[in-house]
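Subject: Structure handover

Hi,

Here is the structure we talked about. Please open it alongside this email. My notes follow below it.

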Amino acid sequence: MSKQLSGDLARADSLAREIFSDIANKWALLIIETIGDSTKRFTELKVEVDGISHKMLTQNLRLLERNGLVVRVVHPTVPPRVDYTLTEPGRALRATVDAMCAWTTRYLGEIEEARSRFGHSS
């Protein structure tokens, strides 16, 4: 069954929901933020996105590339050098990621206070 070319996130079979599912996770958002306006190598991303495993970085970069948010360039060197850069849609999404980061920073104290009422320390 093919995905409906629909922008309706409420529809389970919509392409919009599939795209949203691919990009609305912490690793994808952190990768987008880390690449930013620059070009990053895989190894740089692995170091700069604290806590991400090799497997999760690979999976998320593939999803971002598949959705047209990241361009992957393999240079014919030994060993091969692979660079990642945001595309125009990726840069546009980064503006949303930046706003989410600012929101998190702004409301961190209130969120922490709410969590403490439920016994969550982190």
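Arginine 11 counts as partly exposed, because its relative accessibility is 35%, which falls between the 20% limit for buried and the 50% limit for exposed. Arginine 11 sits in the segment before α1 (15–23). Its C-alpha atom is 28 Å from that of leucine 57, and the two residues are 46 apart along the chain. Please keep in mind that this is a predicted model.

Glutamine 59 is a second partly exposed residue, with a relative accessible area of 35%. Glutamine 59 belongs to helix α4. From glutamine 59 to aspartate 83 the C-alpha distance is 15 Å, with their positions 24 residues apart in sequence.

Now the overall layout.

The chain has five helices and three strands. Read from the N terminus, the order is α-α-β-α-α-β-β-α. The C-alpha trace spans about 55 × 40 × 25 Å along its principal axes. There are 122 residues in the chain, and 28% of them are buried. Take the contacts between residues at least 6 apart in sequence: 42% of these join residues at least 24 apart.

Next, the sheet.

Three strands make an open sheet, in the order β1-β3-β2, with antiparallel pairing. β1 and β2 are the edge strands, and each has a single partner, so one side of each has no neighbour in the sheet. On average, neighbouring strands are turned by 30° against each other, direction ignored.

Here is how the strands pair:

- β1 (residues 39–41) and β3 (residues 81–86) run antiparallel and share three bridges. Threonine 39 has threonine 85 of β3 as its bridge partner.
- β2 (residues 70–75) and β3 are also antiparallel, joined by six bridges. Arginine 72 is bridged to tyrosine 84 of β3. Valine 70 stands opposite leucine 86, also in β3.

A hairpin of five residues connects β2 to β3. Proline 79 lies in this loop between β2 and β3. Look at the bond just before that proline. Valine 78 and proline 79 are joined by a cis peptide bond, with omega about -5°. As background, most peptide bonds are trans.

Then the core.

Which residues touch the most other members of the largest nonpolar core? They are Ile31, Ile35, Leu57, Leu61, Leu64 and Tyr84, in a core of 21 residues. At least two residues come from each of α2, α3 (42–48), α4 (54–66), β3 and α5. α2 gives the most, with six residues.

Tyrosine 84 deserves a closer look. It is one of the core residues with the most contacts to other members, and it pairs with arginine 72 across the sheet. Leave aside its neighbours within four places in sequence. Tyrosine 84 then contacts Ile35, Ser38, Thr39, Lys40, Phe42, Leu45, Leu61, Val70, Val71 and Arg72. Two of the other core residues named above, Ile35 and Leu61, are in that list.

Last, a helix pair.

How do α2 and α5 cross? The axes of α2 (residues 26–35) and α5 (residues 88–117) come within 9 Å and cross at roughly 105°. The two helices are therefore roughly perpendicular to each other, since angles from 65 to 115 degrees count as such. On the α2 side, the contact is made by Leu29, Ile32 and Glu33. On the α5 side, it is made by Gly90, Leu93, Arg94, Val97, Asp98, Met100 and Cys101. By type, the contact residues are six nonpolar, one polar and three charged.

If you only have a few minutes, start with these places:

- the cis bond between valine 78 and proline 79;
- tyrosine 84 and its contacts, among them Phe42 and Leu45;
- the crossing of α2 and α5 at roughly 105°.

Best wishes

Technical notes. Residues are numbered from 1 along each chain as its sequence is written. This is a predicted model: local features need pLDDT of at least 70, side-chain atom pairs count only at pLDDT 80 or more; totals for chains, interfaces and linings use all residues. Side-chain values use heavy atoms; hydrogens and water are left out. Axes are lines fitted to C-alpha atoms, for helices over the stretch in contact, and angles run from 0 to 180 degrees between N-to-C directions. Helices (H or I, at least four residues) and strands (E, at least two) are DSSP runs, numbered from the N terminus. Angles under 35 degrees count as roughly parallel, over 145 as roughly antiparallel, 65 to 115 as roughly perpendicular and the rest as oblique. Contact means heavy atoms within 4.5 Å. Ala, Val, Leu, Ile, Met, Phe, Trp, Tyr, Cys and Pro count as nonpolar, Asp, Glu, Lys and Arg as charged, and the others, Gly among them, as polar. Two strands pair if DSSP finds at least two bridges between them. A nonpolar core is a set of buried Ala, Val, Leu, Ile, Met, Phe, Trp, Tyr and Cys residues joined through side-chain atoms within 4.5 Å. Buried means under 20% relative accessible area, exposed over 50%, partly exposed in between (1.4 Å probe, protein chains only).
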